[in-house]
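Q: Please take a close look at how the interior of this protein is packed. I want the elements that build it, the contacts that hold my attention there, and the backbone around them.

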Amino acid sequence: MGQCVTKCKNPSSSLGSKSDAGKSHGKKGGTGGAHKDEVAKSSVDVIYNGTKEVTVEGGVAPTLSALDVRRDQPTQDGDGVSLARIHEMFLCYKDEHEDAILEEGMERFCNDLCVDPAEFRVLVLAWKFQAATMCKFTRREFVDGCKAIQADSIPGICSRFSMLLEESRGEESFKDLYRFTFQFGLDAEQGQRSLQRSIAIALWRLVFTLDSPPVLERWLDFLSDNPCAVRGISRDTWNMFLNFTQSIGQDLSNYSEDEAWPSLFDSFVEWETERRRRERAEEGSGADPPLECEPGP
């Protein structure tokens, strides 16, 4: 993947204007080292919290830009990732009214990462960020997620994709990603407990991007052909389908209704068995008639 460059020009501009400063209470010209440290610390609070007002001698302390914070106070975690740069990157995309990256900001974020918002890599990134809602990263999710993948810049995130995709192939990791995907697809604000059929179909195709089980397309055809019978997909059905793909062969011959499968799976096996029976019958009826022997002289 080519180098991706963020479009943000002035990440601190979204902080809004500050209120008028109060009067100073110290001596004129008092610019000792301790005083400078206090101003710098307060300015960091302004950038990260957006609420604290700082007063100094003669007026308001000059607000440090995110770049100044990164240079003068390079706050880092134990592995060398700059928390200041992560917050700076977050500010490039955050919503004007909410402390989160919403749909518009997410589109710009994905454009800068050179990825389509609907592709598998974005799902994997949301998984590593433990995002609770589609098209949204809260500040906490974004910061913790960047720390988890050890990236504090757009090029840094881009460089992690190959590692993240490889990680997602692991058996336990994929199981975790698969179960995350169900929760990710729910509308938390509406209190949903099951996925809409169309959303579930799209998410099944997405989560199985790298390794699609043979039965997947027939299963999705079954869901599409029975819109009245399949109104929603429960968590149990979603989770059990992964077990179904791993334990039931492509011909479905080892499926048993006596096992504790969801009833929807019973309906699917009946539907698929009948479909294959009709298919064989049509092939048989369309066969060429046997050759007739010509009468001898």
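A: Of the 297 residues in the protein, 39% are buried. The model is predicted. The protein contains 12 helices and six strands. Its accessible surface is about 17,500 Å², and carbon and sulfur atoms hold 48% of that. Long-range contacts come next. Take the contacts with a separation of 6 or more: residues 24 or more positions apart account for 66% of them.

Now the interior itself. In soluble globular proteins, nonpolar side chains tend to be buried together. Here the largest nonpolar core has 70 residues. Trp204 and Phe244 have the most contacts inside it. The element that gives the most to this core is H5, with eight residues.

Start with H5, then. This helix covers residues 120–129, and nine of its 10 residues are buried. The buried set is Phe120, Arg121, Val122, Leu123, Val124, Leu125, Ala126, Trp127 and Phe129. These residues pack against five helices and a strand: H4 (103–112), H6 (139–149), H7 (154–168), H8 (171–185), H9 (197–207) and strand S4 (137–138).

The backbone around H5 has some points to check. Most residues other than glycine have a negative phi. Right after H5 comes Gln130, with a positive phi near 50 degrees. Before H5, in the loop between H4 and H5, sits Cys114. Cys114 is not a glycine, yet its phi is positive, near 60 degrees. Its relative accessibility is 43%, so Cys114 counts as partly exposed. Gln150 belongs on the list too. This residue lies in the loop between H6 and H7. The phi of Gln150 is positive, about 60 degrees, and Gln150 is not a glycine either. Its relative accessible area is 24%, so Gln150 is partly exposed.

Next, the helix pairs. Two packed helices are described by the angle between their axes and the distance between the axes. Take H8 and H9. Their axes come within 10 Å and cross at roughly 155 degrees. H8 is therefore roughly antiparallel to H9, since angles over 145 degrees count that way. The crossing of H8 and H9 is right-handed. H8 makes the contact with Phe174, Leu177, Tyr178, Thr181 and Gly185, while H9 uses Ile199, Leu203, Trp204 and Val207.

H8 also meets H11. The axes of H8 and H11 come within 10 Å, at a crossing angle of roughly 155 degrees. H8 is therefore roughly antiparallel to H11. H8 passes H11 in a right-handed crossing. On the H8 side, the residues are Phe174, Lys175, Tyr178, Arg179, Thr181, Phe182 and Gln183. On the H11 side, they are Arg235, Trp238, Asn239, Phe241 and Leu242. Tyr178 appears in the H8 contact with H9, and Tyr178 appears in the H8 contact with H11.

Back to Trp204. Not counting residues up to four places away in sequence, Trp204 touches Tyr178, Leu216, Trp219, Leu220, Leu223, Ile233, Trp238 and Phe241. Two names in that list lead onward: Tyr178 and Trp219. Tyr178 is on the H8 side, as above. Trp219 lies in helix H10.

Trp219 deserves its own look. Its relative accessible area is 0%, so Trp219 is buried; the cut-off is under 20%. Leaving aside neighbours within four places in sequence, Trp219 is in contact with Trp204, Phe241, Leu264, Phe265 and Phe268. Trp219 and Glu272 are 53 residues apart in sequence, but their C-alpha atoms are 8.5 Å apart.

Thr237 is found in H11, residues 235–247. With a relative accessible area of 8%, Thr237 is buried. Thr237 touches Pro262, Leu264 and Phe265, again not counting residues up to four places away in sequence. Leu264 and Phe265 are also among the contacts of Trp219.

One last stop is Asn226. This residue lies in the loop between helix H10 (216–225) and strand S6 (232–234). At 22% relative accessibility, Asn226 counts as partly exposed. Asn226 and Trp271 are 45 residues apart in sequence, with 10.0 Å between their C-alpha atoms.

Terms used:
Residues numbered from 1 in each chain as written. Predicted model: local features only at pLDDT ≥ 70, side-chain atom pairs only at ≥ 80, totals over all residues. Heavy atoms only, no water. Buried < 20%, exposed > 50% of the residue type's maximum accessible area, 1.4 Å probe, protein only. Helix = DSSP H or I, 4+ residues; strand = E, 2+ residues; numbered from the N terminus. Contact = heavy atoms within 4.5 Å. Areas by Shrake-Rupley, 256 points an atom, 1.4 Å probe, with all protein chains shown as cover. Core = buried A, V, L, I, M, F, W, Y, C linked by side-chain atoms within 4.5 Å. Axes fitted to C-alpha atoms, helices over the stretch in contact; angles between N-to-C directions. Parallel < 35°, antiparallel > 145°, perpendicular 65-115°, else oblique. Left-handed = near helix turned anticlockwise from the far one by under 90°.
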